[in-house]
Amino acid sequence: MKNKWRILKILVTVILFGFLLSFSLKRFNNAKMENVSINMNQSKTPVYFIDEKDIKDLVKQYNPTRKIGDVKIPELEKKINENPFVDSANVYMNLNGNLNVDIKQRVPVFRLSKNGKDFYVDEKGVEFPISRNFSYPCMLVMGDVDASEYQELGQLVEKIDKDDFSKKYFIGIKKEKDSYNLLTSDGNYKVEIGDLENIDFKVKGFKTFVEKYLVYQNPNKYKKISVKYNNQIVTTLNPYFKENDSILRNAPKIEIKSAVESHKTEEKKSETKPEPKKEIKKAEPKKSEAKKETSKPKKIEKKSEPKKSSQKKKEPSSKSSSDKKKKAKVVVE
């Protein structure tokens with residue numbers, strides 16, 4: 001009997017507890033939502049792509065009655081995560097009836113200008129659009145960059161931001177064909193690094209060049225400084241820098257002189273070619289003397305002329321037009 005009374009007591013308490021719980025849940029669900037708290041989890045560099053007003057407007061859309069029981073938390077959380085500026089979102093309700101929304105925004109690593117469009121890229125290599133409300137200061141990257149290179153570019157930008165020397169000189173990155181160039185704030189030159197491998201070694205090579213050479217020179221002297229080669233730095237002079245005029249003009253002068261000399265040698269060769277004409281003119285008086293002596297040689301010359309014409313027909317067509325003109329002149333003369 002004692003065991004039966006214990007079982008009945010347990011059943012009664014469970015039923016009463018369930019009744020009270022259901023009653024409290026109904027009362028809780030029918031209660032109005034008192035407050036909506038939005039927590040923006042900021043990093044070291046705060047971003048403000050999303051406004052709290054926008055999140056509250058979404059909450060109103062998914063809870064028009066403002067009752068706690070009518071809030072569709074899973075759908076609301078999914079909708080917030082679909083926002084391109086949101087990295088992650090967590091929505092939950094307190095026992096006090098307050099709705100909490102924890103949001104982590106995307107932090108741009110660099111801004112990419114590609115095919116006439118501008119957008120941000122975060123550390124995960126995810127693209128997201130530029131906001132009209134907020135502009136984040138970051139490195140500008142230009143050119144046809146492949147999406148597979150986003151994370152490596154992000155690592156390069158982070159290294160530049162952490163290094164005081166690199167941060168002082170480099171203000172942008174540009175990809176030309178398959179080679180990357182670092183744009184500098186000092187002068188009009190660019191630093192060619194090639195691919196994105198061995199970045200620390202390449203930046204170190206540029207740093208040594210600056211400390212040993214560039215510090216003592218005008219930065220406008222150079223157009224490009226290439227550090228993409230192993231243990232070698234190749235510089236290209238700026239053609240618009242006045243001090244480079246004498247250096248850049250020397251090479252063309254040498255080529256012009258050589259061309260003039262070659263032209264003179266060709267003229268000398270052409271002057272030696274007319275010598276056979278002088279020999280032909282010397283041979284002409286002999287023919288005239290032979291014509292004056294007798295009339296018989298004239299008949300022989302007439303008979304011999306068709307033979308010469310027949311020989312000309314038999315000759316191959318590979319003879320030059322200059323030889324024919326010479327023979328024509330001889331005949332006329």
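This short talk walks through the sheet of this structure, the helix that packs on it, and a patch on the surface. Please keep in mind throughout that what we are looking at is a predicted model.

Let me begin with the sheet, which is open and has nine strands, in the order 6-5-4-7-8-9-10-11-12, with mixed pairing. At its edges are strand 6, residues 127–128, and strand 12, residues 234–237, each of which pairs on one side only. Strand 12 runs antiparallel to strand 11, residues 222–226, and four bridges join the two; within this pair, Ser-226 stands opposite Val-234.

Now turn to strand 4, where five of the seven residues are buried, so that the strand is mostly covered. To strand 5 it is joined by six bridges, and these two strands run antiparallel, whereas four bridges join strand 4 to strand 7, and that pair runs parallel. A useful residue to find on your screen is Arg-111, which has Tyr-120 as its bridge partner in strand 5 and which stands opposite Leu-140 in strand 7. The hairpin of strand 4 and strand 5 has two residues between the strands, and there Asn-115 takes a positive phi near 55°.

What packs on the sheet? Helix 4, residues 150–162, does so, touching several strands, including strand 4, strand 7 and strand 10, and its direction makes about 120° with that of strand 4.

Finally, let us look at the surface, where Trp-5, Ile-7, Leu-8, Leu-11 and Ile-15 form a nonpolar patch, with about 550 Å² of accessible area together. Of these residues, Ile-7 lies in helix 1, which covers residues 2–30.

Terms used
Residues numbered from 1 in each chain as written. Predicted model: local features only at pLDDT ≥ 70, side-chain atom pairs only at ≥ 80, totals over all residues. Heavy atoms only, no water. Pairing = 2+ DSSP bridges. Contact = heavy atoms within 4.5 Å. Axes fitted to C-alpha atoms, helices over the stretch in contact; angles between N-to-C directions. Patch = residues over 30% accessible without salt bridge, like charges linked within 9 Å, V, L, I, M, F, W, Y side chains within 5 Å. Areas by Shrake-Rupley, 256 points an atom, 1.4 Å probe, with all protein chains shown as cover. Salt bridge = Lys/Arg side-chain N within 4 Å of Asp/Glu carboxyl O. Buried < 20%, exposed > 50% of the residue type's maximum accessible area, 1.4 Å probe, protein only.
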